[in-house]
Amino acid sequence: DNRVAAAKKTAAELKKKITKASKGRFLHIGEPWSAEQRKNFVRGTTFYRGEAREVYCAAAGFTKEFIESGSLRELLHACANLSIDTAPTTPPHNASHAAAEKARAEQKKTVRRMLWLFWCWNSRAGAKA
């Protein structure tokens, strides 16, 4: 199918552009970004679709693997970079260690779900190939 071939070509060209432009170092989704960097990245996710979008996101480390294995801190940075609002679920100051750990685990689970929704939406939606 011509669309599949065009999508693969777009993804390959994008990969070359990213490698050349970043000289091996691109923004990482798990690190804090400036407002301008956030805006540019999100704009890029709306420009590409399919395999090209996955290449674009992967260049910033925004992959399925990152969502599954990133630390809570990295996942929260990713949400901030993508303008995903995460209501903090900080346990009470006098909470036990077990309660605090449980609250962090729940927060991580919730944040992962939000990132999955963004990632899945961006894998299917889009403007131009």
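I started with a cut-off: a residue counts as exposed when its relative accessible area is over 50%, and as buried when that area is under 20%. I also reminded myself that this is a predicted model.

**Entry: serine 83.** I looked up where serine 83 sits, and found this residue in the loop between H5 and helix H6 (97–124). Is serine 83 buried or exposed? Its relative accessibility is 62%, so I wrote it down as exposed. Next I checked the backbone: serine 83 comes just after H5 and takes a positive phi of about 60°. That caught my eye because most residues other than glycine have a negative phi.

**Entry: helix H5.** I then stepped back to the helix before that loop, H5, which covers residues 72–81. Which residues are buried there? I noted Leu72, Leu75, Ala78, Cys79 and Asn81.

**Entry: the whole chain.** I counted six helices and zero strands in the protein chain. Of its 129 residues, 33% are buried. I looked at contacts too: among those with a separation of 6 or more, 79% join residues 24 or more positions apart. For the surface, I noted about 8300 Å² exposed, with carbon and sulfur atoms supplying 56% of it.

**Entry: confidence.** I found a mean pLDDT of 80 for the protein chain, with 80% of its residues at 70 or more. Among the elements, helix H4 (residues 64–69) has the highest mean, 94, and helix H1 (residues 2–22) the lowest, 69. Over residues 125–129 the pLDDT is below 50, yet I noted 16 contacts for this stretch in the model, beyond near neighbours in sequence.

Terms used
Residues numbered from 1 in each chain as written. Predicted model: local features only at pLDDT ≥ 70, side-chain atom pairs only at ≥ 80, totals over all residues. Heavy atoms only, no water. pLDDT = per-residue confidence, 0-100. Helix = DSSP H or I, 4+ residues; strand = E, 2+ residues; numbered from the N terminus. Contact = heavy atoms within 4.5 Å. Buried < 20%, exposed > 50% of the residue type's maximum accessible area, 1.4 Å probe, protein only. Areas by Shrake-Rupley, 256 points an atom, 1.4 Å probe, with all protein chains shown as cover.
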